[in-house]
Amino acid sequence: MAIEAASRSTPRRITILGSTGSIGCNTIDLIERNRALFEVAALTANGNTDLLAAQARRLGARMAVTADPNRYAALKSALAGSGIEAAAGPAALVEAASLPADWVMAAIVGAAGLEPTLAAARRGAIVALANKECLVCAGTLMLREVADHGATLLPVDSEHNAIFQVFDFAQRDKVERIILTASGGPFREMDRSAMARVTPKQAVAHPNWDMGAKISVDSATMMNKGLELIEAHYLFDMPEERIDILVHPQSIIHSMVAYVDGSVLAQLGTPDMRTPIAYTLAWPERMPAPAQRLDLGAISRLTFAPPDPDRFPALRLARAALKDGGAAPTILNAANEVAVHAFLEGGIGFLDMPRVVEDTLERVEKPALNCVQDVIAVDREARETARARLAPARIRA
Ligand code: NAD
Ligand code: MG
């Protein structure tokens, strides 16, 4: 497809799925700093209709959509007199993603983002993918849709964006390994008995990154790195055994690619998502982003360590699910979404999360996934099974 660069004379038309979240707000911050380069087709969110309406008014969006049908009246009244179309519900999310736009940010959290993200891919759009869960739960199908419709997938996740920047796609057979770095999260050095008692508030307080609640908890269990392992497998067509995970607490090296000649290429920067988002917004060119500049002299020391599989069982579960293939990653993701939600609500303890995922993986059948409906059916069954595991998991803790 013809890629129009951000510096061209007509603005790039964009849609943001999940505009009120951490990634969505960072994307809007960049757009507002470079207003002449972009025009906005649609913005979508779930609950925060006041923020959604304010964003839509500021950016002159054509359409604003809340996923929650009960919020339609609130959104409609917040947009009164603006001329911006208001809509609500899952079908309206797909409609928003289907509006003509050159570039779509997929930043809904969880498998809830799958259908609108697929709708954008089916239009042949450039899809900036933050929503790793939709690649984890439907990787093969999503890549097929992207290829069939001439869409372009650009990774926003900082690790995958780093790899994308240093991966030699013309010589992919000369890539030996990819190395995903991981901060290790807030409990990197905590022993398991202390982990059993951590609260949701402690778990969402990430040392380096300011992110939404779900990914922050995933970072604390290191399930985030497990999901990213699966994400990297699909994005870069790398087998599980050639993807390494390396704990790097400073979050300066965002990931690396190792080549057959012994060269290792890395992308570095301060931990600020506006850098990878800007890379995708301007791609294939570059645009300015206001992230704090990297001063390696001041940082002086970068450290590295292998991850601890005993304290962070999520890594083992994700590796096993990726090796199993088929529906296993879909089940892993769905069970994890249920477990993280239950933990955030105070229903289960921190260590119960990987237990719920493991129990669910053992119990749910793994049929072949031939279409999106198959993914949705397995996702639903895994969620029901995981919910049924919540109560016993709590008693055992
Ligand atoms: P967030 O919770 O801050 O925001 C999520 C957005 O999705 C919000 O706009 C919310 O209204 C919307 N949303 C939530 N549930 C929805 C539903 N059921 N239907 C439709 N919309 C819904 O999350 P975030 O931190 O911005 O993360 C978004 C995605 O990007 C996640 O998949 C996450 O893993 C990924 N990601 C985030 C970061 C980060 O720095 N925050 C980094 C890498 C990847
Ligand atoms: Mg990441």
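Q: In this predicted model, buried means under 20% relative accessible area; what relative accessible area does Glu228 have?
A: Let's put that cut-off to work. A residue counts as buried when its relative accessible area is under 20%. Glu228 meets this and is therefore buried, with a relative accessible area of 1%.

Q: Which protein residues are the donors of the magnesium ion (ligand 2)?
A: A donor atom has to lie within 2.8 Å of this metal. The protein donors here lie 2.1 to 2.2 Å from the ion. They are Asp157 (OD), Glu159 (OE) and Glu228 (OE).

Q: How are the donor residues of the magnesium ion (ligand 2) spaced in sequence, and how many residues apart are Glu159 and Glu228?
A: The spacing of the donor residues reads D-x1-E-x68-E. Glu159 sits in helix H7 (residues 158-166) and Glu228 in helix H11 (residues 223-236), so the pair links distant parts of the chain. The two are 69 residues apart.

Q: Is Glu159 buried or exposed?
A: Happily, the same kind of check works here. The relative accessible area of Glu159 is 8%, and the limit for buried is under 20%. Glu159 is therefore buried.

Q: Are helices H1 and H2 roughly parallel or roughly antiparallel?
A: The axes of H1 (residues 22-33) and H2 (residues 49-59) come within 12 Å and cross at roughly 20 degrees. Angles under 35 degrees count as roughly parallel. H1 and H2 are therefore roughly parallel.

Q: Which residues of H2 make the contact with H1?
A: H1 passes H2 in a left-handed crossing. From H1, the contact uses Cys25, Ile28, Ile31 and Glu32. From H2, it uses Leu51, Gln55, Arg58 and Leu59.

Notes
Residues are numbered from 1 along each chain as its sequence is written. Chains are lettered from A and ligands numbered from 1 in the order in which they are written. This is a predicted model: local features need pLDDT of at least 70, side-chain atom pairs count only at pLDDT 80 or more; totals for chains, interfaces and linings use all residues. Side-chain values use heavy atoms; hydrogens and water are left out. Axes are lines fitted to C-alpha atoms, for helices over the stretch in contact, and angles run from 0 to 180 degrees between N-to-C directions. Helices (H or I, at least four residues) and strands (E, at least two) are DSSP runs, numbered from the N terminus. Angles under 35 degrees count as roughly parallel, over 145 as roughly antiparallel, 65 to 115 as roughly perpendicular and the rest as oblique. A crossing is left-handed if the near helix is turned anticlockwise from the far one by less than a right angle, and right-handed if clockwise. Contact means heavy atoms within 4.5 Å. Donors are N, O and S atoms within 2.8 Å of the metal (3.2 Å for Na, K and Ca); water is not among the atoms, so sites may look incomplete. Buried means under 20% relative accessible area, exposed over 50%, partly exposed in between (1.4 Å probe, protein chains only).
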